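This report follows one chain from its strands to its helices and then to its buried residues. Please keep the sequence and the structure in view while reading.

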Amino acid sequence: MPTTFWFPMYCNDFLASTKIAVMTTEEIGAYTLLLCHAWQDPQCSLPADEETLKKLGRISGDISNIRACFIVKRGRLVNERLLKEWVKANHNKEMASQSAKQRWDKKRTTDAMRSHIRTPCSSPSPSPSPKEEDRIASTVQKPSSTLTDELWIQSFKTNPLYTGIDIDLQLKRAQSWLQTNAPRRQFTRKYFGNWMTGEIGKKPMIAESLGRPCQTRVKRGLEFTPCNKPATTMIGTRPVCAEHDVKKDAL
Ligand SMILES: [Zn+2]
């Protein structure tokens, strides 16, 4: 587990602690050294044997005051408060690295889309062939640094922006619209990208057509009941109407 190199020290708690209050300055120094050693441990723990503790804390004699700040967990010593901060720090670090990875992946996807935006998907025949869809869905062998058609379509499916939109259905609709209205135009990524941008604009209607009632609780007389107006969007998993489409109501 990745660990940060610092931990928060709550001076008020530290000074108010009765366990700390009974320690000598030397014991406080040893205790602080032990907390640092625990922080760097993969489990945020210390060996339970006294001799090792004394060495790590650079202290001799009685260490019962220090020992009182730790509990035994699976044969190791753990300071519960430190462990709590350690878990929090690691969680935050993991979240930060995940979102950095997502930003990086997104950037790569966007770059790849840009470099492919002018690549026509269809053969240069005057009208799209009926096998167009199969071709688009098929995996095209390209260098791994570029986006295949399949991955390109997949990127719509995994993008939260398009949540609630049936991408496969839109592919069919976009193709048949082109076939009917502009048979000479090629089915390109740019065309489908524009089509999907239009679909995002229609998203409120899509949510409405799902017939979900707004789940925001409103006061009616003496009690709170769901608003129940047709939802125009989702906040997380909660359908909300246009009137309640504000983040603060989600809290
Ligand atoms: Zn509502």
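Val 218 has its bridge partner in E5, namely Thr 225. The model in which this pair is found is a predicted one, and the pair belongs to two strands, E4 (residues 217-220) and E5 (residues 223-226), which run antiparallel to each other and are joined by four bridges. Arg 220 likewise stands opposite a residue of E5, Glu 223. Between E4 and E5 there are two residues, and the two strands form a hairpin, in whose turn Gly 221 has a positive phi of about 65°.

The chain also holds an open sheet of three strands, in the order E1-E3-E2, with antiparallel pairing. Its edge strands are E1 (46-47) and E2 (71-73), each of which pairs on one side only. Three bridges link E2 to E3 (residues 76-78), again in the antiparallel sense, and here Lys 73 has Arg 76 in E3 as its bridge partner. Taken over the whole chain, there are twelve helices and seven strands.

**Two helices that cross**

Two packed helices are described by the angle between their axes and the distance between the axes. For H3 (residues 25-40) and H4 (residues 50-57), the axes come within 8 Å and cross at roughly 100°. Since angles of 65 to 115 degrees count as roughly perpendicular, H3 is therefore roughly perpendicular to H4. On the side of H3 the contact is made by Ala 30, Leu 33, Leu 34 and His 37, which meet Leu 53, Leu 56 and Gly 57 in H4. Sorted by character, the residues of this contact are five nonpolar, two polar and no charged.

**The nonpolar cores**

In soluble globular proteins, nonpolar side chains tend to be buried together. In this chain, the largest nonpolar core has 14 residues, and Tyr 31, Leu 34, Leu 35, Ala 38, Cys 44, Leu 46 and Leu 82 are the ones that touch the most other members. At least two residues of this core come from each of H3, E3 and H6 (80-116), and H3 gives the most, with five residues. Leu 46 shows how many parts of the chain can meet at one residue: leaving out residues up to four places away in sequence, Leu 46 touches Leu 34, His 37, Ala 38, Asp 41, Leu 53, Leu 56, Phe 70, Arg 76 and Leu 77. Apart from the largest core lies another one, of five residues, which include Cys 214, Cys 227, Ala 231 and Cys 241.

Leu 35, in helix H3, is a second member worth following. Is Leu 35 buried or exposed? A residue counts as buried if 20 or more other C-beta atoms lie within 10 Å of its own; Leu 35 has 20 other C-beta atoms within 10 Å and is therefore buried. Setting aside neighbours within four places in sequence, Leu 35 is in contact with Asn 79 and Leu 82. The C-alpha atoms of Leu 35 and Phe 70 are separated by 9.9 Å, although these residues are 35 residues apart along the chain.

**Positions in the loops**

Most residues other than glycine have a negative phi. Cys 44, however, has a positive phi of about 55° although it is not a glycine, and Asn 228, also not a glycine, has a positive phi near 70°. The table sets these two beside Tyr 162, giving the loop and the C-beta neighbours of each residue.

| Residue | Loop | C-beta neighbours within 10 Å | Class |
|---|---|---|---|
| Cys 44 | between H3 and E1 | 24 | buried |
| Asn 228 | between E5 and E6 (233-235) | 14 | partly exposed |
| Tyr 162 | between H8 (149-158) and H9 (167-181) | 17 | partly exposed |

Tyr 162 also has a distant partner to look for in the sequence: its C-alpha atom and that of Glu 199 are separated by 8.4 Å, while the two residues are 37 residues apart along the chain.

**The chain as a whole**

What share of the contacts with a separation of 6 or more comes from residues 24 or more positions apart? Such residues account for 57% of these contacts in the chain. Of the 251 residues of the chain, 15% count as buried, and Cys 44 and Leu 35 are among the residues described above as buried.

Key. Residues numbered from 1 in each chain as written. Predicted model: local features only at pLDDT ≥ 70, side-chain atom pairs only at ≥ 80, totals over all residues. Pairing = 2+ DSSP bridges. Axes fitted to C-alpha atoms, helices over the stretch in contact; angles between N-to-C directions. Parallel < 35°, antiparallel > 145°, perpendicular 65-115°, else oblique. Contact = placed C-beta atoms within 7 Å. Nonpolar A, V, L, I, M, F, W, Y, C, P; charged D, E, K, R; others polar. Core = buried A, V, L, I, M, F, W, Y, C linked by C-beta atoms within 7 Å. Buried ≥ 20, exposed ≤ 12 C-beta atoms within 10 Å, placed from the backbone.
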